[in-house]
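Q: Please take a close look at one part of this structure and go through it carefully, explaining each term as it comes up.

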Amino acid sequence: QVQLVESGGGLVQPGGSLRLSCAASGSIFSIDAMGWYRQAPGKRRELVALIASDKTTTYTDSVKGRFTISEDDAKNTVYLQMSGLKPEDSAVYSCHAQIKSTDRPLWADDYWGQGTQVTVSS
């Protein structure tokens, strides 16, 4: 089995910075993509940032220029560096990954982290 463990959420003032991390562990054969989603109360879950196996990145328009997604292959860990945080960034941020396990290396499964709360408030 594969697990995703997130950390780094918390309370930060507007304009502040925060770095989220998500470490994948278990019987990993390969990671096809890792990304971050967020969901605020009363709103739909949205993709925030995605990094594919070829290291191409995708961001939702509202975070471009402020957020940076990166990946440490040796640690099977993805990071989301957030700067210039705004109150509207407040949400539960969840790590998502498409991973092929050693048990079935030809099929990528979806995995989710437990979610971490990010609150931007003065």
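A: Strand 9 and strand 11 run antiparallel and are joined by three bridges, where a strand is a DSSP run of E with at least two residues, numbered from the N terminus, and two strands pair if DSSP finds at least two bridges between them. This is a predicted model, in which local features need pLDDT of at least 70 and side-chain atom pairs count only at pLDDT 80 or more, while totals for chains, interfaces and linings use all residues. Residues are numbered from 1 along each chain as its sequence is written, and side-chain values use heavy atoms, with hydrogens and water left out.

Within the pairing of strand 9 and strand 11, Tyr93 has Thr116 as its bridge partner in strand 11. Strand 11, which spans residues 116-120, shows a covered face made of Thr116, Val118 and Val120, whereas Gln117 and Thr119 make up its uncovered face. Val118 is also the bridge partner of Gly10, and this belongs to a parallel pairing, over three bridges, of strand 11 with strand 2 (residues 10-12).

Strand 9 has a further partner in strand 10 (residues 108-112), and these two pair in the antiparallel sense over five bridges. Here Gln98 stands opposite Asp110 in strand 10, and a hairpin of six residues leads from strand 9 to strand 10.

Strand 9 also carries one end of a disulfide, a term that stands for a pair of cysteine sulfur atoms within 2.5 Å. One disulfide is counted by this rule, formed by Cys22 and Cys95 with their sulfur atoms 2.2 Å apart. Because Cys22 lies in strand 3 and Cys95 in strand 9 (residues 91-101), the pair ties together parts that are 73 residues apart in sequence. The link of Cys22 and Cys95 is left-handed, with -85° about the S-S bond, and both Cys22 and Cys95 are buried, where buried means under 20% relative accessible area, exposed over 50% and partly exposed in between, with a 1.4 Å probe and protein chains only.

From Cys22 we can turn to the surroundings of strand 3. Strand 3 (residues 18-26) runs antiparallel to strand 8 (residues 77-82), with six bridges joining the two, and Leu20 stands opposite Leu80 of strand 8. Strand 3 and strand 8 belong to an open sheet of four strands in the order 1-3-8-7, with antiparallel pairing. Strand 1 (2-7) and strand 7 (67-72) stand at the edges of this sheet with a single partner strand each, so one side of each is left without a neighbour in the sheet.
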